[in-house]
Amino acid sequence: MNKLTINGTEKEFDKLPSTLDKLLDEMKINHATIVAEIDGQIIPRDTFEQTPINADQKIELIRFVGGG
Amino acid sequence: MMQDKLIIAGKEFDSRLFIGTGKYSSNQVMAESIAASKSEMVTVALRRVDIENENDDMLAAIDQEKHLLLPNTSGARDAKEAVRLAKLARAASGINWLKLEVTPDPYYLLPDGTETLKAAEELVKDGFIVLPYINADPILAKKLQDVGTATVMPLASPIGSNQGLNTRASIEIIIKQATVPVVVDAGLGLPSHAADAMEMGADAVLVNTAIAAAGDPILMSKAFKQAVKAGRRGYLAGKAAISSEANASSPLTGFLRDEN
């Protein structure tokens, strides 16, 4: 099963993207504005290209929004 | 006017008004309100990316050359969640300044002092410049400055309530005891509330809802800017004594009347 949990939602893929940057491209998410966490580990933005994606990972994609 | 810089963790600020970026009707109004305020520090929050819809990039509307980003840990219910958010914020922005807030109670959004102190201790050790949002508790404020926070930020009244300086007496004690800048945060609803806090000797104020939710946010932003300046000058000038009786301002001699 090619399944990932992204921001709390399970998503199935026909074929898993090999790296985090490819996953973001596939989801049409702008890399420059986000920070990622995989299984509780923060992934620095400059390592997205080298970060492998494996089935069943819990991925959090986080961004800045307005706040007080 | 003489040099009157606010210094936090060695960084100088000309403006004593910090602005929140929540609740604006658009990024355009937010950007213009921030510009009108002349604020040099603006708060932002971290949230999950919406994976189904397009995400708007609000950071693009903020000129980070002019305004230091102060990420907050809003949404954290305990120290552990706050520390996680802090590290994500630092990874996302490269900024180690942090508004630490731990608010387990969803109704009044009052901060949890015990968890805030615990998180502050850990984050200071990890190299963060920590600006903790707290209830107006003078004992907690002392403990936080003792563990190395860069400021203390007592609330005037609950977040977004616009009720004003309900915690005045306690904030006065915090100001008297403080060895770090005191920033009055949350609940200031009007420029006069901000002026009042500054006249009391607060070092700065943080305002969001009162500006963002005003009829004309840009005009309100200018009004807060002027109020903070006026309040600060009033404080620096040293207030004249209060008396229970009248003290004539005009001479009590040379009246145009015949004495009998």
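This is a selection-by-selection tour of a predicted model with chains A and B.

**Stop 1: chain B as a whole**

Select chain B. Its C-alpha trace spans about 90 × 40 × 35 Å along the principal axes. Colouring by secondary structure should bring up eight helices and 10 strands. Of the 260 residues in chain B, 43% count as buried. Among the contacts in chain B with a separation of 6 or more, 63% are between residues 24 or more positions apart.

**Stop 2: helix α4 of chain B**

Now select residues 138–147 of chain B, which make up helix α4. The buried residues of α4(B) are B:Leu140, B:Ala141, B:Leu144 and B:Gln145. Why do they lie on the same side of α4(B)? They cover an arc of only 135° around the axis, and this puts them on the same side of the helix. Turn to the other side of α4(B) to find B:Ile139 and B:Asp146, which are exposed.

To see what covers the buried residues of α4(B), add α3 (113–125), β7 (129–134), β8 (153–154) and α5 (168–177) of chain B; the cover includes these elements. Then step past the end of the helix: α4(B) is followed by B:Gly148, whose phi is positive, near 105°.

**Stop 3: the packing of α3 on α4**

Keep α4(B) and α3(B) in view and hide the rest. Their axes come within 9 Å and cross at roughly 10°. An angle under 35 degrees counts as roughly parallel, and α3(B) is therefore roughly parallel to α4(B). Show side chains for B:Gly113, B:Leu117, B:Ala120, B:Glu121 and B:Val124 on α3(B), and for B:Leu140, B:Lys143, B:Leu144 and B:Val147 on α4(B); these residues make the contact. By class, they are six nonpolar, one polar and two charged residues. B:Leu140 and B:Leu144 appear in this contact and also among the buried residues of α4(B).

**Stop 4: the sheet with β7**

Bring back β7(B) and β8(B), and add β6 (97–100) of chain B. These strands form an open sheet of three strands in the order β6-β7-β8, with parallel pairing. The edge strands are β6(B) and β8(B), each of which pairs on one side only. Four bridges join β6(B) to β7(B). To locate one pair, pick B:Trp97, whose bridge partner in β7(B) is B:Ile129.

**Stop 5: strand β10 of chain B**

Select residues 204–207 of chain B, strand β10. Are its faces covered or open? Both are covered: B:Ala204 and B:Leu206 on one side, and B:Val205 and B:Val207 on the other, are all buried.

Next add strand β3 (residues 17–20) of chain B, which pairs with β10(B) in the parallel sense over three bridges. B:Ile19 has B:Val207 as its bridge partner in β10(B). Strand β9 (residues 183–185) of chain B is also joined to β10(B) by three bridges and runs parallel to it. Here B:Asp185 stands opposite B:Leu206.

**Stop 6: the hairpin in chain A**

Move to chain A and select residues 3–6 and 9–12, strands β1 and β2. They pair in the antiparallel sense over four bridges, and A:Lys3 stands opposite A:Glu12. The two strands form a hairpin with two residues between them. In the turn, A:Asn7 has a positive phi of about 50°.

**Stop 7: A:Lys58**

Select A:Lys58, in strand β5 (residues 58–66) of chain A. It counts as partly exposed because it has 13 C-beta neighbours inside 10 Å. Leaving aside neighbours within four places in sequence, A:Lys58 is in contact with A:Thr5 and A:Asp39. A:Thr5 is 53 residues away along the chain, yet the C-alpha atoms of A:Lys58 and A:Thr5 are separated by 4.8 Å.

**Stop 8: where chain A meets chain B**

Finally, show both chains. Their contact takes 21 residues from chain A and 27 residues from chain B. On the side of chain A that touches chain B, β3 (34–38) and β5 of chain A each supply at least two residues. The largest share, seven residues, comes from β5(A). By class, this side of chain A divides into 11 nonpolar, seven polar and three charged residues.

Zoom in on β5(A) and strand β4 (residues 41–48) of chain B: five bridges join them, and they run antiparallel. To end on one pair across the chains, select A:Arg63 and its bridge partner in β4(B), B:Arg47.

Notes. Residues numbered from 1 in each chain as written. Chains lettered and ligands numbered in written order. Predicted model: local features only at pLDDT ≥ 70, side-chain atom pairs only at ≥ 80, totals over all residues. Buried ≥ 20, exposed ≤ 12 C-beta atoms within 10 Å, placed from the backbone. Arc of directions from axis to C-beta. Contact = placed C-beta atoms within 7 Å. Axes fitted to C-alpha atoms, helices over the stretch in contact; angles between N-to-C directions. Parallel < 35°, antiparallel > 145°, perpendicular 65-115°, else oblique. Nonpolar A, V, L, I, M, F, W, Y, C, P; charged D, E, K, R; others polar. Pairing = 2+ DSSP bridges.
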